[in-house]
Structure formats: structure tokens, C-alpha cells
Amino acid sequence: MLLVQINKWLKLGMIFLFLLLNTIIVYLVNGTTSIFPFLFFIPITYAAWMSGRRCQTHFDSSMGIPNRKFFYNLLTKEFHKQKKYSSNPFHVVLITIHDFKNINDSIGHFAADLLLIKIKNRIKVCLNKGDILARWSGVEFSIIIYCQNSEKLSLVCEQIIERLRSPFEINKQQFFINASIGVSSSSPSHQSNEVLVKEAETAMRYVKERGKNNFKFYTVEMNRNSLQEKLLEANLYKALELDQFELHYQPKIDCKDNKIYGVEALIRWRKSKEVVISPNIFIPVAEKTGLIIPIGNWVLKTACEQVKKWEMINITDICISVNVSAIQIKADDFVKTVVTIIEEAGIEPHLIELEITESSIMEDSIENIMKLNELKDLGVRISLDDFGKGYSSLNYLKLLPIDTLKVDKSFIQNIENDPKEKLIIEAIIRMSKALGLTVLAEGIENISQYKLLKQLGCDAMQGYYFSKPISSEDLNIHFKNRNYVNL
């Protein structure tokens, strides 16, 4: 009732303001408040008022460009025009800006809006006269491009990506952004403009899942991939219920005495006796759907239970390293979950090592580092995996509470023949030792690599030269003789 009364008074207030403005205008023009000129100005004022209202409903005032509603109405008109008159094709381009929430949280809404305006300006510079740029959502832009040449369209998208790669300066701070672009092209076969938008969104998602900072034209194959991922997701749920996952273990060798000092736990999906699915296939889908959290918890729980089983047969001080994804680390209960699993297994925390990658801590880095510090203080070991493959920020080496630095195998593969690779590895080993870190080289495949790395002062190694990933039963046999290298 109160809301109805408020609305009523608001309407009456608007009418009164409208009449007052007209009276003032008529008086200023004619020097009279006569009703006849007053009636003349009513439609003019009303028309101007309605025009302003229409502008507000179709325009994004903060960006200075049309909004989603305007874009969608225009898209509908263009779609019907092409259907009716067989006019030239047009293209729908969707652009999304990634990880903008972190920037927003760090610099505030006002500065973040300034950054969005700068992003909009850089996009607009790349467009041709007549192309329509609109704000699709909070951090997404949409474009209708009138271009018959696909090469020119590709060039426009490349220019946008290139311009957005350059740093943005806000309040004397530099910011780098990641963007994904999806493109769909109109054709007589399209049934509706919704299909066009959906295709552009599919292409945009495709880019996002494959590294960002790129553009793709929609293809039917993208939808097939999406369907396959949906089926894989459904099967992953079943795999958890039916306990189809298993762990294999790859030994890590101490270079001082050539003995196993630990193992890396690697997940496998045994869908049937004959079919084993590689983690390279199902882990990306698990991360995308959030299933990586229950799967990751299963891996950690199984690894802790295996440590306990080894202790019961007098195989002690074997540390198991477990890979942890960025999604797991970001979970609010990550630390609590890790601690609970270790305590329930009844093992010492130092017998578990969490393997993180550089990319997994780049987002929400401060919060992630705090979580890792908490676990390190409790005795859990931390290793940085694939060093040299990703960001390789030396600043993070100083900040992260890591015990072990795992050098990516890409630096090892040609170390015998490439003097530059040898120098890089030598520099990494010296730097790590100065920081008090253990250096482990991955991907050792032959004795010459082993000897050279040992000569350079590498602390530990892992690779097929020593052993492929094997089951816990096979590993138990090897524990009887823990010497793997004969010099």
C-alpha cells in the first residue's frame, strides 16, 4: 500500500514539474502565461521528454555507447532485412574481458569503470565507420560488423587483441588484461538472431578454454566438442560413484644415494578392464565443471591412506606429492580439507607434498599464498611444478613458501646438445640453492641426462629412465631394492 502511494505521489510530482516547466518556457518566450501558447509547447516538451527516455533505455551512459537492448533490436532488424532482401551478410562479434573482478576489487569501482572506458576506446579504434559497438554485459562488448571479406574481419579481430594486450595505465598503475573473442557470421540458413548470438558465445568460450587472448570463428565442430564434454562430465560423475579412479606412482630419486625418497601420485580413470582414460582428457573437463574438487580430494585421501599402508609394512619416510589445481586452492575450505584428510589418515604432514603450478597462484595470489603458508606452518611440503613453462616469475619464488622447485622437462630434453639449455639449468640450480630450495628435474629419459644434471648439482630427478608411473603393488616390489641407478 505504501509503495502504491509513493508511486502515485511521484507521478503527480512529475506532472506538476512538467506543467511548471512549460509555464516558465511560455512566459520567457511570450511574456505571458496564456493557455494557448502553453498548449502549443506541451507536445514539443513531451516529445523531447520521451526522446530522452528512449535514449536512456537504449544507451549505456557510463560507456557512451549503445546497450544490449539497442544491440539486440538492431540485430533483429538486420536479420529480418537479410531474410527479406537477401542483403549482404553481417557478423556478430562478442568480446569478454577475463579476471576483471580482481582488478575491480583492487582499484575500486570508479577506477575500474575508467579502465573499461579505455578498453572500449581501444576496441572502437579498430572498427570501420558503420560498425556498431555496444555493451553486452558488465565486462562484455558486442559488435555488428558489416564486412564481406573474412580476411578483413580477421584483421579487425587481430587488431583488437593486439591493442588490448598493451598495458593500461590507471592512477599511475599498469594493468594487463586477457580477452577472448568469438565471431559468428549471418547466413540464409540461420533460423533466428538468437542462434547467431549463441554461436558467437560458443566461439568465445572455445577461445577462453584454450588460453584466451585470441579470436575464433564459430564452427559446427565446436558444438560437437561441447556435446562430447557434456557426455564426459556425466561419465565423470559416474566414475566417482563407481570408484573407477586409481592412482599410479612415479618414483623420485635422490641424487646423493640414488634411492627413492618420494613418489608423485598420478590419477588414472579405469573405465573398464581394457579402457584407461588419460588425465589429459578428463582433467580439463573436471576443472571446467568444478568436479576437480571432489576428484582432487579423492586423490589426496587415497595418497594419505597409501602412506599409512606403507608405514604398516615398515616402508617409512616416503613422501607422496599430489597435484593441486587452482580451483582447489581457491576453495574457501581448502586448508581445512587438506588438514582433515591428513589427520583422518593418521600420518605426519611432512609426508604429503602439494604440487602447485605458477599459473594456479597468479589469480588471487595473495590469498592463495596465505593458504599455502598456513599449510607449510603445519608441516605440509609445497613444490612448484613445471618451473620455466609458465610465468616463471622470480618474484613469486621469493614470496611462495615452497620446499622444492621442479624444473620443466622442456629444459631437459635437449640438455646434452644445447649449451644454452645447460646454462639455464645451471643458473636455476644455483639460484634455487641460494634460496634454500631442493631442485628436482623432470623428464629424465637417459643416463647422459642423469649424469650431466648430477654434475650440475641437481638434488633429485624423476622420469622414465628410472621408472614409468606404476601401481602401488608394483612399487612395493621395487622398494625392496631402492637403488635405481648404477654408476
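Which helix holds Ile117? Ile117 has its place in helix 5, residues 109-125, and that helix turns up again in the legends below. What you're looking at is a predicted model, where local features need pLDDT of at least 70, side-chain atom pairs count only at pLDDT 80 or more, and totals for chains, interfaces and linings use all residues. Residues are numbered from 1 along each chain as its sequence is written, and side-chain values use heavy atoms, with hydrogens and water left out.

**View 1. The chain as a whole.** The protein chain carries 18 helices and 18 strands; both are DSSP runs numbered from the N terminus, helices being H or I with at least four residues and strands E with at least two. Of its 487 residues, 44% are buried (buried is under 20% relative accessible area, exposed over 50%, partly exposed in between, with a 1.4 Å probe and protein chains only). Among contacts with a separation of 6 or more, 65% are between residues 24 or more positions apart (a contact means heavy atoms within 4.5 Å).

**View 2. Ile117 on helix 5.** With a relative accessible area of 25%, Ile117 is partly exposed. Not counting residues up to four places away in sequence, Ile117 touches Ser62 and Met63. Ser62 is 55 residues away along the chain, yet the C-alpha atoms of Ile117 and Ser62 are 8.0 Å apart.

**View 3. The five-stranded sheet.** Here's an open sheet of 5 strands in the order 4-5-3-8-9, with mixed pairing (two strands pair if DSSP finds at least two bridges between them). Strand 4 (132-137) and strand 9 (214-217) sit at the edges with a single partner strand each, so one side of each has no neighbour in the sheet. On average, neighbouring strands of this sheet are turned by 20 degrees against each other, direction ignored. Strand 3 (residues 91-98) and strand 5 (residues 140-145) run antiparallel over 6 bridges, and Val93 stands opposite Ile143 in strand 5. Helix 5 packs on the sheet, touching strand 3, strand 4 and strand 5, and its direction makes about 20 degrees with that of strand 5 (axes are lines fitted to C-alpha atoms, for helices over the stretch in contact, and angles run from 0 to 180 degrees between N-to-C directions).

**View 4. Two nonpolar cores.** The largest nonpolar core has 77 residues, and Ile352 is one of those with the most contacts inside it, as are Leu236 and Phe245 (a core is a set of buried Ala, Val, Leu, Ile, Met, Phe, Trp, Tyr and Cys residues joined through side-chain atoms within 4.5 Å). Helix 10 (residues 292-312) gives the most to this core, with 9 residues. Leaving aside neighbours within four places in sequence, Ile352 is in contact with residues including Leu300, Cys304, Val307 and Ile320. Apart from this core lies another, of 35 residues, among them Ile103, Ala111, Ala112 and Leu116.

**View 5. Ser321 in strand 13.** Ser321 is found in strand 13, residues 319-323, and counts as buried at 0% relative accessibility. The Ser321 side chain makes a polar contact with the side chain of Glu355 at 3.1 Å (a pair of N or O atoms within 3.5 Å; within protein, one must be able to donate a hydrogen and the other to accept it, and residues adjacent in sequence count only if both atoms are side-chain atoms). Beyond four places in sequence, Ser321 also contacts residues including Lys252, Val263 and Glu353.
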